[in-house]
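Hi,

Here is the structure I promised to pass on. Have a look at it first, and my notes follow underneath.

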Amino acid sequence: MSSSSFQLSLDLAKDHFKIGDLDRAEFHLRSSLELEESEEAYFYLGLVQNALGSWSDALVSYYKAVSLNHEYGNPCNEIGVLLLRMGNDKEAVYWLKKSIRCERNDAPHISYFNLATLYKLWNRPERSLQYLHKALSLKKDFLEANELWREIKADEEAPSN
C-alpha cells in the first residue's frame, strides 16, 4: 500500500472525527495504522477513545503517539488531562509541562490553560495566573482563559472572613 492510501485514511478519519462520527473515525484510523504507524493517527485514535469514555485505551494510544515522536505536544497535553481526571495530579503536571516544551504543539495555549486550572484547584492562584498570562499571550481571545483570569482576580479581591 502506498503512502497516499495511508494519508487518505487518516484524512477521512479526521473528517469523521470533526463531525462527531466516532465509529467511522475509529475505523479509518485503525485502517491507516494497518498501513503505517503514525503519531498523528495514534493521537486521533486516542481522541476518539477518550470521547467514547475509554480512558485507559486513550492513554495507550497517546503514549504510542509520544513514543513515535517525543516532540509531539498534543498527546502529551491529552495524557495530562486524562491523568488529572483519573486523580493523578502530579504526573499530570509532568505531562502538561512536557507538552509546552515540545517542538510540535498545535495549541500550547491549551496546555498553559490546563496547568492554570490545575493550580487553581490546588489553591495556588499566583501560579495559576502565571500560566493564564502565558496562555493569553499566545491567544488573546481565549474565552475560557479570560473567564478563569476574572474568576481568580475576583476571588483575590473578595473579603475573607
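Two helices, α3 (39-51) and α5 (73-85), each supply at least two residues of the lining of the largest pocket. Helices here are DSSP runs of H or I with at least four residues, and strands are runs of E with at least two, numbered from the N terminus. This is a predicted model, so local features need pLDDT of at least 70 and side-chain atom pairs count only at pLDDT 80 or more, while totals for chains, interfaces and linings use all residues. Residues are numbered from 1 along each chain as its sequence is written, and side-chain values use heavy atoms, with hydrogens and water left out.

Back to the pocket. α5 gives the largest share of the lining, four residues. The full lining is F17, F43, Y44, L47, G73, N74, N77, E78, N105, D106, A107 and I110. A pocket here is an open set of points on a 1 Å grid over the protein atoms alone, where a 1.4 Å probe fits, with protein on both sides within 12 Å along at least five of seven lines; lining residues have an atom within 4 Å of a point. Its volume, the space filled by probe spheres set on the points, which are joined across faces, edges and corners, is about 180 Å³. By class, six lining residues are nonpolar, four polar and two charged. For that count, Ala, Val, Leu, Ile, Met, Phe, Trp, Tyr, Cys and Pro are nonpolar, Asp, Glu, Lys and Arg are charged, and the others, Gly among them, are polar.

On the overall fold: the protein chain has nine helices and zero strands. The C-alpha atoms fill a box of roughly 65 × 30 × 30 Å along the principal axes. Of the 161 residues, 44% count as buried, meaning under 20% relative accessible area (exposed is over 50%, partly exposed in between; 1.4 Å probe, protein chains only).

Helix α2 (residues 22-35) has 14 residues and reaches 20 Å from first C-alpha to last, close to the 20 Å expected at 1.5 Å a residue, taken as 1.5 Å times one less than the number of residues. Its buried residues are L22, A25, E26, H28, L29, S32 and L33. They pack against α1 (3-18) and α3, with contact meaning heavy atoms within 4.5 Å.

One oddity to look at is N123, in the loop between α7 (108-121) and α8 (125-138). N123 is not a glycine, yet has a positive phi of about 60°. N123 is also exposed, with a relative accessible area of 63%.

Cheers
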